[in-house]
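Student: I would like a close look at one part of this model, taken slowly and with the terms spelled out.

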Amino acid sequence: MNARLKIIVPIGVTIGVAAIAFLWRGNVEPSRWFTLEGPRAMYVAIVAAMAALLYYYLFRARRGDEIYIRRIAGVDAIEESVGRSTEMGRPVLYVTGVEDITNIQTIASLLVLGQVAEMTAEYDTELKVANFYPITMVVAEEIVKQGYTNAGRPDAHKPQNVMFISSEQFAFAAGVNGIILRDQPATNIYIGRFFAESLILAETGYLTKAIQIAGTAEITQLPFFIAACDYTLIGEEMYAVSAYMTRESRLLAMLKSTDVIKAFVIALLLAGAVFATYNHLAGSHEPWDLGGWLVGK
Amino acid sequence: MKSTIPLVIGCFVGWFAFGELYVPHEDYRWVFEFLRDQAQILAAMAFILGGINVIQVNYPKIRRREADWQYKVVLLVGAVAMGTAGLRWHALGGEADSGSMAVSGTAAVGTGYATLAFDSADRDALVIIDGAPPVRAWHSGNPSDITKPPGDQALSVQLRPGEHVITVRKPVEGYAKHEVSILVADNEPTSAKYEILKRWVELLPAAAAVLPINVAPGQVVTVSTDLVMYWGAGSPHGRVFTWMYDHIFFPCNATMFALLAFFIASAAFRAFRARNTESALLLGAAILVMIGLVPIGRAMSPIFPEIEEWIMDTLNTTGRRAIMMGAALGAIATGLRVILGIERSHLGSD
């Protein structure tokens, strides 16, 4: 198969799946083995479109095209802050959030942890990882070990630095505060899902004059992190960290595909605003229902 | 191979979980539930590793007398104490002794009300009749006053014809609770029937709570209880565990939460300093929202609540939704990255 076909076929197949799913919306009789009721067809269409875009951007990346990603100050600050920790001879504290490993924010946090571990291993800086759940701790330990191995320094990895603190919210906050005040880390990184303990951690970190980088998609906690931390990765930025740090073509391609879908969503929002305005002004008995049309009502 | 196998398993399970949305078949759901159960078992097993980690991290610090080692002693002693209280000691070696409730009756005399008498081994037991406020099983004249200590008089109440639900429990959680249903009939049961019922109740005291016990008017029914103390965490919580939770853990937890108020004040002070245009805008918006929410703002002008509502409903909601949509797309992309094996940084090398 020549190179052109290698890219055209997967893209064609995935676009076909997206198109079929979209055209079938609301028209497939639900059975015991398959249903496309409600917004399910749209989900398939989005995932398939994302996969098609992924293949397209992967093709472009392999061809040597440059994939532009805007600068994310918070991610750039991670390397700077690890360097600062090295200079000060103080550890880096990484908190993986207070959710179980089944939560996508925790998964994203653990992916970033791998990069941070590699970086601290290269800089020969101590990394302490605080976990809310034991299962997260087990995975985090493996990831940190792998990060140190990738950096060529497996001997520098200290398993006791990946800690299970507590599965109780404020006991966890008290435990992490204790680490912050005793060990005085020069860098505190909070990435994952956080709740009321976010400000308790970030304010304690502020008292120790640490550089603080936070990242969460939890809307209610973002203002606290923005107020108390030096850098905050807002929502989707947290999911982009891994790609941004590694600059791996596959991850960048995925990021670009997400951006295109986002542009599509923005276009839909604008269309929705136009439709809603028309319905309001015209007062039609049969309003233009964009949402219903999309999910096949 | 070391990373390929987890990659394949991750890919398969990821797509299988995605398919759960589209395949309503019960067999598919059974497999899905099975996988979820396995994940829960795995997570529960990880708590053992978590406990070992806590000891591995803290015990060497105590031995080396590192900074604040005393707190780590408190941590380990607390963990052991809570763990010990969390075990169901009363259930070790067989079925837990849940106490007993014996019902006996005198020969039927007369008609009208039946008499319910209590002979509880627990002096502080409370009795709830048909969901009414609790009364003391042992009192000193006024059984309704449960604020006074128990007395020497056993509770005796009149039950009118009909079904009654009697609950006997301790004033605090962590003990066995007994419930019995008594049916006061209009007609008198035969003595033979009553004897069978009595024997059955004695043999199966727990089952007596389920089926109503027939009692004729004029009979005296004596309820004897032994409300044993439970141990452990779970349902129901044991007494020692509940006490430790309510009197040690909960106040500590509330104290930590209360700190948040002061942290909010200090963080808000820093955030609202007008250092640049954005900070000034933030400060202005915060002042308008605060004025719009407090009564004095409403008193000053009705425009302030309207401005507050507009800022919260229009500007704030717009920003929130934009972040949520971006985050949702990022979450989908991260999921796909892991499922498709594009993201491999969490896996070891081959």
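Student: What distance separates the centres of domain 1 of chain A and domain 2 of chain A, taken over C-alpha atoms, and how do the two domains meet?

Tutor: This is a predicted model, in which local features need pLDDT of at least 70 and side-chain atom pairs count only at pLDDT 80 or more, while totals for chains, interfaces and linings use all residues. Residues are numbered from 1 along each chain as its sequence is written, chains are lettered from A and ligands numbered from 1 in the order in which they are written, and side-chain values use heavy atoms, with hydrogens and water left out.

Chain A is divided into domain 1, made up of 3–69 + 248–294, and domain 2, which covers 73–246; these bounds come from an automatic or database domain assignment. Taken over C-alpha atoms, the centres of the two domains of chain A are separated by 34 Å. Where they meet, 6 residues of domain 1 of chain A are in contact with 6 residues of domain 2 of chain A, contact meaning heavy atoms within 4.5 Å.

The size of an interface is often given as the accessible area lost when the parts come together. Between domain 1 and domain 2 of chain A, the buried area (accessible area, with a 1.4 Å probe, that two parts lose on being put together, summed over both) is about 480 Å², and carbon and sulfur atoms give 62% of that area. On the domain 1 side of chain A, the residues that lose the most area to domain 2 are A:E248, A:L251 and A:L255, which together account for 63% of what that side buries.
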